[in-house]
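Work through the exercises below with the sequence and the model in view. Each task is followed by a solution in steps.

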Amino acid sequence: MRSTAVKVVAILVVVGLLVTGGAIAALVAFRSDPSSSSSSSGPAPTTTPQPDATQPPAADLAAYYHQKLDWSPCRDSFECATLTVPLDYARPGGTVIKLSLLKVPAANPGARVGSLVVNPGGPGAPGTSYAASAKDVFRQPLLDHFDIVGFDPRGTGDSDPVDCLSDEQLDTYIASDPDPDTPAEKRAYMRYVDEQGAGCVARSGKLASHVSTIEAARDMDVLRAALGESKLTYLGASYGTKLGATYADLFPQKVGRLVLDGAVDLSIGPRELALEQAAGFQTALEAYVQNCVDSTDGCFLGSTVDEGLAKIKAFLDQVDQQPLQTNTDRELAVGNAFLGIVAPLYNRDYWYILSQALRSGFSGDGSTLLLLSDLYTSRNQSGGYDDNSMEALYAISCLDEPYAIPESQVAANLPAFEKASPTFGDVFAWSLTNCGGVQARTTEKPRTVRAAGAAPIVVIGTTRDPATPMQWAVHLAAQLESGVLIRRDGDGHTGYNSGNDCVDEAVESYLIDGTVPQDGLSC
């Protein structure tokens, strides 16, 4: 499916633009009347495993399920370990891979409930970085009651990262026009489609065929057992909701308390996902421009939303024709400009940074937009990349769903995408070609996810979420047999710890105490 990656946890302006975090993007009692919650509770997390906690689903996986984690101090105040899993679950006696883990111990050990496994999405964002940013991403009740455990899913971060392109190739690919409109640009775009698919196999070998979501979900059950938990307690954001829902479908009896925030719709195909995501980003952009228009100081984008949208669209067209100078030795190309604009849409708190970046861009300085693009793609100042999230995004998405249309069919799709998003629609239409060069193939069979028999699974959607539209959460909650929907009225990507006490307290009450929110709770 098209990326729902979130690459920024927090962006601050301190003299210049500084960054903390690097994954969702990821960034008490339920305060409503008790009658608004159901009286039933999810299974309590455990620190002392039940006799069957390490029982493998198949006898030949016993060694993996019985392993002990060797935690050691790392990154100042954290603890790190590695988890061993089979490259191919159909051949558990063959090649193994090592998954990188990071734990933030519970701040209040006396009130510790258990381990909370977290995933920031992507697919491809490293979960260890997400956990390391726990103080910025999670509120104190969760920090007090849980060991926050992040893992880099197979093929990502420090867990045998998949490699598809050189840094130089990745630079050029990211900077290129995501909406090619000349024959030369179209040839270049399709060349990278082929190079990326071939590169994953050439550079990563068998690993490229074993980074699927289903395999990562199987790894999560090995992790659960190694943590000594009879049931998995989990908070997944964005793509992390697909990973969590897949886990619940594979291991429904091992589901403890699962929260899926910024849900991905698993009931529709890649074209529909891309189309609805295009509309989601358009909605978010319109909300940003409306906020500017409504400001008392006047809006630099114009006096109406239509004027503001037209100005941003014209700016992208201008950068396509003539890249902007920056305060580095690199120019701001149109691909970087696009990412620089969409990145701050993930969080309303970053809108003022987008305004700063656009003001500078309109004046001919692309420095801030380039910095935002680099943050989104994990590019560092030395010219390398801090993680492989962009390549893992491609490798995992196209392995899960190798759907693609040929270049010749893009034009026929443009009207629908332009209707969904007059500003970004063409970009999403062209994204339908992205998996056309994929050569790796998974051995896992597709699943219709229902999670039959699982404990209640809380699914959160946000009304103006750019990356995972609200209707995706509605559909995922309905698709899961035990889905419980929370609807957040607001801007930005994901709902927990986004300034909405209703959402925060409902999530914390469920994870800590097992109080299941009212299905359809509106916050």
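**Exercise 1: a disulfide near the chain end**

Cysteine 502 counts as buried because its relative accessibility is 11%, where buried means under 20% relative accessible area, exposed over 50% and partly exposed in between, with a 1.4 Å probe and protein chains only. The model is predicted: local features need pLDDT of at least 70 and side-chain atom pairs pLDDT 80 or more, while totals for chains, interfaces and linings use all residues. Residues are numbered from 1 along each chain as its sequence is written, and side-chain values use heavy atoms, with hydrogens and water left out.

Task: find the partner of cysteine 502 and describe the link.

Solution. Step 1: a disulfide (a pair of cysteine sulfur atoms within 2.5 Å) joins cysteine 502 to cysteine 523, with 2.0 Å from S to S. Step 2: cysteine 502 lies in helix 18 (residues 501-513) and cysteine 523 in the segment after strand 12 (521-522), so the pair ties together parts that are 21 residues apart in sequence. Helices (H or I, at least four residues) and strands (E, at least two) are DSSP runs, numbered from the N terminus. Step 3: the angle about the S-S bond is -55°, and the link of cysteine 502 and cysteine 523 is left-handed. Step 4: cysteine 523 has a relative accessible area of 16%, so cysteine 523 is buried.

**Exercise 2: other disulfides**

Task: state how many disulfides the structure holds, then describe the link of cysteine 164 and cysteine 200 and that of cysteine 74 and cysteine 80.

Solution. Step 1: the structure holds five disulfides. With the bonded cysteines numbered in sequence order, they pair as 1-2, 3-4, 5-6, 7-8, 9-10. Step 2: the sulfur atoms of cysteine 164 and cysteine 200 are joined at 1.9 Å. Cysteine 164 is in the loop between strand 7 (146-151) and helix 5 (167-175), and cysteine 200 is in helix 6 (residues 183-204), so this pair ties together parts 36 residues apart in sequence. The torsion about their S-S bond is about 95°, so the disulfide of cysteine 164 and cysteine 200 is right-handed. Cysteine 164 counts as buried at 1% relative accessibility, and cysteine 200 at 4%. Step 3: cysteine 74 and cysteine 80 have their sulfur atoms 2.0 Å apart. Here the torsion is about 70°, so the disulfide is right-handed. Cysteine 74 and cysteine 80 are both buried.

**Exercise 3: aromatic rings**

Task: count the aromatic pairs and describe the pair of tyrosine 130 and phenylalanine 138.

Solution. Step 1: rings of Phe, Tyr and Trp (its six-membered ring) pair if their centres lie within 6.5 Å; planes under 30 degrees apart count as stacked, over 60 as edge-to-face and the rest as tilted. The count comes to eleven aromatic pairs. Step 2: tyrosine 130 and phenylalanine 138 are 5.5 Å apart centre to centre with 70° between the planes, an edge-to-face pair. Tyrosine 130 counts as buried at 3% relative accessibility, and phenylalanine 138 is buried with a relative accessible area of 3%.

**Exercise 4: the whole protein**

Task: how many helices and strands are there in the protein, and what does the C-alpha trace span?

Solution. Step 1: the protein has 18 helices and twelve strands. Step 2: along its principal axes the C-alpha trace spans about 65 × 55 × 45 Å. Step 3: of the 523 residues, 61% count as buried.
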